[in-house]
Amino acid sequence: MLKKKILCIDIEGGKGGSSRSLYFFLEAISRNFIFPQLDITVICRRNSWVKKEYENLGIKCIICEHIPRFTSLVKNSRNIYQLVLFLLLIWPKSSKFRKKMKQMKNFDVIHFNHISLAILAWWCNFKNIGNNRVMHIRTIPPKNIFSKALYKLAKNSCNSFIYITHNEKKHLHQLIGVPRIKEQIIYNPVKSDYKKKVFFLKNDERLKIGILSNFSYDRGVDRTLDIFESIPIKQRHKFVLVFAGNMNLERNIPGIPNIFFKNKKTFSDFVISKGFKDNFIFLGQLNNPEKLLQSIDVLLKPTRLNNPWGRDILEALAMGKPIISIGTYKKFVESNKTGFLQKIYNPNKIVDWLLNLESNKNNLENFSTECKNRIKMHCSPNIASKKLLNLWLQK
C-alpha cells in the first residue's frame, strides 16, 4: 500500500501556540494511529526544539525562513505598508522555498497551519500543488477588507477549514459567509501527563501568578501592572508575578512613556522604574513553558481581544491551574469552576478574587480537579488527532 504523503507548513517553528498545537497533533498521530502508512514532512520557518522532537518521531522537518506569510492588522495604513513589503520583498525572497514546493507536487495533503499562509495556499492551488489542501484557522483577525481577502483566498484554494473553537468559525462566516467546503471544529490537543521536574520559587509562599506571553498590548500584558497596583499596599508582599516571554515594548502603550520604547527598554525596565522589582520576575522566553506552569498557582491573561482559549490557557488548565481572563466564552475558563472570567475588564474585581484565593489556598485543589477534567473532556490528543487524520484522508 502506498504511503499517504502529508506536508505541514508551520510559520512559528516551535516558538508559538499554533506550532506547539501542530506538534501535539502529529505526536499523537505518530504514536496511536496508522503512522506506518503516512509519510509526514513539516516545513518550519524557524529552527527550535521542535525539529529534534519531530525527528525523534520519524517525521522529516525542514527549516526554511522564507515562508511567505501575510497577517491582517487593525489599521489599514499598516496593512497597505505590509502588502507593499510583501510584494516587493517577502514574496521574491520566497522563490527558493516555492521552487522546493513545486518539487513536492505529489503530496496528498498540504496542511497550512495558520491563516497568514492564505496567499501561499492560493499559489499552491494555482500551481496544482497538493491534492487536498487544509487551512487551520486559529485566530480572529480584525474586520476589514484585508481579513476578508485572506479568508476568500483560503476558501477558494482549500478543500477544508479547521477551527480551534466555534468563535473562529462564526467570525469567518460574518466576514465572507458560509464557505462551500468542509468545515470542522477541532479543539487544540493538550497533553495532561506532564511530570513535575523543575520548580521556580519552590520555597516562596507568596501566591504565584504566571503570565505566559510575549509583551503585547492586545494580549493585555501591560494590564498586569495595573492589576498589581490595585492590590492594597499592605497586601502586595503576598503576591509575585512571574513572566515568560519577550518583553520588548510596542509603540504608544498607554501609561508607559514613549522614551522607554525609544531607548529600547523593556516592560521589565518600566516595572523596575516603578519600584516593583521584588514582586515581578521576568524569565524571558522559555523552550519549555510547562516549567513555569508547573510552578505557578494561577495563570493571568487579561487580554483585550476577549479570547480566553489560547494555548497558554489550555496548557495551564491541563496542569490544574485556574485562569483569570477576559471574555464571554466559557468552554474553558468559567468563574468559580476553572478560574475567574470577566466580561469587561475590571482590575479591582480581579484583585478581590486574588485576595480571596490567597486567603483560601485550599480552594486551589478544587480548582485543579475541574481544570484537568475540562481539558480531558475537550482536548484529548488522541481524539483531536483522529479527527484531523480523518479530515486529511477524506476523499
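User: Before we look at this predicted model, what makes a pair of side chains a salt bridge?

Analyst: Happy to start there. A salt bridge needs a side-chain nitrogen of Lys or Arg within 4 Å of a carboxyl oxygen of Asp or Glu. By this rule the predicted model has 14 salt bridges.

User: Why are Arg 311 and Glu 315 called a salt bridge?

Analyst: Their side chains meet with N and O 2.8 Å apart, and the cut-off is 4 Å, so the pair qualifies. Both residues belong to helix α12 (residues 311-318), where they sit four residues apart, about one turn of the helix.

User: Why is Arg 311 classed as buried or exposed?

Analyst: Its relative accessibility is 8%. Buried means under 20%, so Arg 311 counts as buried.

User: And why does Glu 315 get its accessibility label?

Analyst: Glu 315 has 2% relative accessibility, which is under 20%, so it is buried as well. Salt bridges with shared partners also connect Arg 311 and Glu 315 with Arg 20 and Glu 290 in one network.

User: How do you know that Glu 229 and Lys 274 form a salt bridge?

Analyst: The closest N and O atoms of Glu 229 and Lys 274 are 3.2 Å apart, and that value is within 4 Å, so the rule is met. This pair links distant parts of the chain: Glu 229 is in helix α8 (residues 223-229), while Lys 274 is in the loop between α10 (267-273) and β10 (280-282), 45 residues apart.

User: What makes Glu 229 and Lys 274 partly exposed?

Analyst: The label covers values between 20% and 50%. Glu 229 is at 32%, so it counts as partly exposed, and Lys 274, at 38%, therefore counts as partly exposed too.

User: Why does the pair Glu 334 and Lys 337 count as a salt bridge?

Analyst: The N to O value for Glu 334 and Lys 337 is 3.5 Å, and because the limit is 4 Å, the pair passes. Lys 337 has a relative accessible area of 43%, so it is partly exposed.

User: Turning to nonpolar residues, which ones touch the most other members of the largest core?

Analyst: Those are Ile 9, Met 101, Phe 112 and Met 135, in a core of 38 residues. Helix α5 (residues 118-126) gives the most to this core, with six residues. A second, separate core has 35 residues, including Ile 211 and Phe 270.

User: What is Phe 112 in contact with, beyond its neighbours within four places in sequence?

Analyst: Among its contacts are Ile 9, Leu 120, Met 135, His 136 and Cys 158.

How values were computed
Residues numbered from 1 in each chain as written. Predicted model: local features only at pLDDT ≥ 70, side-chain atom pairs only at ≥ 80, totals over all residues. Heavy atoms only, no water. Helix = DSSP H or I, 4+ residues; strand = E, 2+ residues; numbered from the N terminus. Buried < 20%, exposed > 50% of the residue type's maximum accessible area, 1.4 Å probe, protein only. Core = buried A, V, L, I, M, F, W, Y, C linked by side-chain atoms within 4.5 Å. Contact = heavy atoms within 4.5 Å.
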